[in-house]
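Subject: Structure for you to look through

Dear colleague,

I am passing on a structure that I would like you to open alongside this message. Please look through it once on your own, and then read on for what was found in it.

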Amino acid sequence: MNKKLPDPNTLHPIAGYEKEIYVKPAVKNPNIIVGDFTYIADSDFESHVTHHYDFIGDKLIIGKFCQIAAGVEFVMNGANHQMNAVTTFPFYTLEDWNMKPPARSDLPLKGDTVIGNDVWIGQNAVILPGVRIGDGVIVGANSVVGSNVEPYTIVAGNPARLIRKRFEDEMIALLEKFAWWDKPIEEINSLIPILTSGDSETVRNFLKEN
């Protein structure tokens, strides 16, 4: 039995393999907030967060135990251009043009991007500004997610659309209430047989009792 507990502050969770990292200890931008044990299949997370400018102040918030595949991009609000004028060309960002920055109210800012816990984001998926993705969601590879996603659903496509719920409503409610990701590491270790079981009836009964 392994007596050493997983450490969320470990950068490389697979010994000798540098192309997968826990994100939390790698992040330096204070506007990127990531929970314990969320990983990405790359050695540099912040390069996957684009158009993230300090003067806008939007945040990328990601929960615990998320699985982020290679090529995923989180597009932040800085990618949005003014759309209520004749031109969308951003003169104010380029040198020697006589334009002051537009008022924030003239920009289509969508707010913070929030990803829940235990979310699996497939390879090359794109998450657009201001999207909120619930706990337990699976995002298919190459999807473009431009609207909110309900917990424990599977979405895919461009634009991403609901494929199906992962579980029936009672099970989803039980899982949200149980919130296994917030439990101590020792307890999560002991829960692995339940968390990885494909027997939904056994899992449902356990959740009802706990």
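**Pockets**

The largest pocket has a volume of about 660 Å³, and please keep in mind throughout that this is a predicted model. Its lining is made up of 29 residues, and those closest to its centre are Asp118, Trp180, Ile194, Leu195 and Thr196. Three elements, namely α1 (169–178), α2 (185–195) and α3 (200–209), each give two or more residues to this lining, and the largest share, six residues, comes from α2. In terms of chemical character, the lining of the largest pocket divides into 19 nonpolar, seven polar and three charged residues.

The second largest pocket holds about 230 Å³ of space. It is lined by 21 residues, and Asn80, His81, Pro90, Tyr92 and Thr93 are the ones that lie nearest its centre. Here the lining divides into 12 nonpolar and nine polar residues, with no charged residue among them.

If you wonder how such spaces are found at all, rolling a probe the size of a water molecule over the atoms shows where empty space is left.

**The helix α2**

Which residues of α2 are buried? They are Ile188, Leu191 and Ile194, and when you look down the axis of α2 these buried residues fall within an arc of 85 degrees, so they line one face of the helix. The spacing is worth a moment of thought, because an α-helix has 3.6 residues a turn, so residues three or four places apart point the same way. On the other side of α2, by contrast, Ser190 and Pro193 are exposed.

**Aromatic rings**

A pair of aromatic rings is described by the distance of the centres and the angle of the planes. The structure holds 10 aromatic pairs, and one of them is formed by Phe65 and Trp180, whose rings have their centres 4.7 Å apart and their planes at 55 degrees, so the pair is tilted. Phe65 lies in the loop between β5 (60–62) and β6 (67–68), while Trp180 lies in the loop between α1 and α2, so the pair ties together parts that are 115 residues apart in sequence. Phe65 has a relative accessibility of 18%, and because the limit for buried is under 20%, Phe65 counts as buried. Trp180, at 9% relative accessibility, also counts as buried. Looking beyond this one pair, ring pairs link Tyr22, Phe37, Phe65, Trp180 and Trp181 into a cluster.

A ring also takes part in a contact with a charge: the charged end of Lys183 sits over the ring of Phe178, 4.4 Å from its centre.

**Points in the backbone**

Finally, please check a few places in the backbone. Phe65, already met in the tilted pair, has a positive phi of about 60 degrees although it is not a glycine. Asn124, which is likewise a residue other than glycine, has a positive phi near 65 degrees; its place is in the loop between β9 (120–121) and β10 (126–127), and with a relative accessible area of 36% Asn124 is partly exposed. The peptide bond from Asn158 to Pro159 is cis, with omega near -5 degrees, and Pro159 is found in the loop between β14 (153–156) and β15 (161–165).

With best wishes,
A colleague

Notes. Residues numbered from 1 in each chain as written. Predicted model: local features only at pLDDT ≥ 70, side-chain atom pairs only at ≥ 80, totals over all residues. Heavy atoms only, no water. 1 Å grid on protein atoms, 1.4 Å probe; cavity = no way out; pocket = protein on both sides within 12 Å on 5 of 7 lines; lining within 4 Å. Points joined across faces, edges and corners; volume = space filled by probe spheres on them. Helix = DSSP H or I, 4+ residues; strand = E, 2+ residues; numbered from the N terminus. Nonpolar A, V, L, I, M, F, W, Y, C, P; charged D, E, K, R; others polar. Phe/Tyr/Trp six-rings, centres within 6.5 Å; stacked < 30°, edge-to-face > 60°. Buried < 20%, exposed > 50% of the residue type's maximum accessible area, 1.4 Å probe, protein only. Lys NZ or Arg CZ within 6 Å of the ring centre and 35° of its normal. Arc of directions from axis to C-beta.
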